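Q: Could you take a close look at one part of this model for me? I'd like to hear about the charged pairs and the helix that carries one of them.

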Amino acid sequence: MKAEKFYVVALLAMSAVFSPDSKAAPLFADKPYEEASQQLISNKSTLARWEPHFPVNLIEQYRENLLKLRGIWLDYGTKDEFTHIPIGTSELSRRLAKAGIPHVFEVFDGTHDSKAPERVGTKMLPFFLRTPFG
């Protein structure tokens, strides 16, 4: 899926989940952005309703559960087409570290999926093999 199409679908889905509004036909949700004079204008009140649901903002609330996980792996490619992923993943790693939650965070040279098969074999599977179960 191309990044542009992904963002449209993701914003519609997040609107339905984070800011439903039965009076806001036809989507029945408050949108985080409106178009005015060929520019996108953020709807700050809607975005404020979304923020508590973002993973980076849930770390403290679920800290004890996160500490029970046997492994957390985060990575992204330097040429990722989804521009929110490098920013969001870096911030998530920073907040996990600040909360004392062990995790692995790596950045690789590539696009969103350009090194997926290689990374599964050389990074992901070995990570899970080293991660104790039970």
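**Salt bridges and helix α4**

A: Let's start with Arg119, which is buried at a relative accessible area of 10%. Keep in mind that this is a predicted model. Arg119 makes a salt bridge with Asp75, and their closest N and O atoms sit 2.7 Å apart. That pair joins distant parts of the chain, with Asp75 in strand β3 and Arg119 in helix α5 (residues 116-130), 44 residues apart. Asp75 itself is partly exposed, at 26%.

Next up is Glu106, which pairs with Lys123 in a salt bridge whose closest N and O atoms are 3.6 Å apart. Glu106 belongs to strand β4 and Lys123 to helix α5, so this bridge ties together parts 17 residues apart in sequence. Both ends are partly exposed: Glu106 has a relative accessible area of 24%, and Lys123 has 30%. Put the two pairs together and you get a salt-bridge network of Asp75, Glu106, Arg119 and Lys123.

Now for helix α4, which covers residues 84-98. Glu91 and Arg94 form a salt bridge here, at 2.7 Å from N to O. They are 3 residues apart in α4, about one helical turn. Glu91 is partly exposed at 23%, and so is Arg94 at 44%.

As for packing, the buried residues of α4 are Ile85, Pro86, Thr89, Leu92, Ser93 and Leu96. Viewed down the helix axis they fall within an arc of 135°, so they line one face of α4. Their cover includes α3, β3 and β4, while Ile87 and Lys98 are exposed on the other side of α4.

Note on methods. Residues are numbered from 1 along each chain as its sequence is written. This is a predicted model: local features need pLDDT of at least 70, side-chain atom pairs count only at pLDDT 80 or more; totals for chains, interfaces and linings use all residues. Side-chain values use heavy atoms; hydrogens and water are left out. Helices (H or I, at least four residues) and strands (E, at least two) are DSSP runs, numbered from the N terminus. The expected span of a helix is 1.5 Å times one less than its number of residues. Buried means under 20% relative accessible area, exposed over 50%, partly exposed in between (1.4 Å probe, protein chains only). The arc is that of the directions from the helix axis to the C-beta atoms. Contact means heavy atoms within 4.5 Å. A salt bridge is a side-chain nitrogen of Lys or Arg within 4 Å of a carboxyl oxygen of Asp or Glu.
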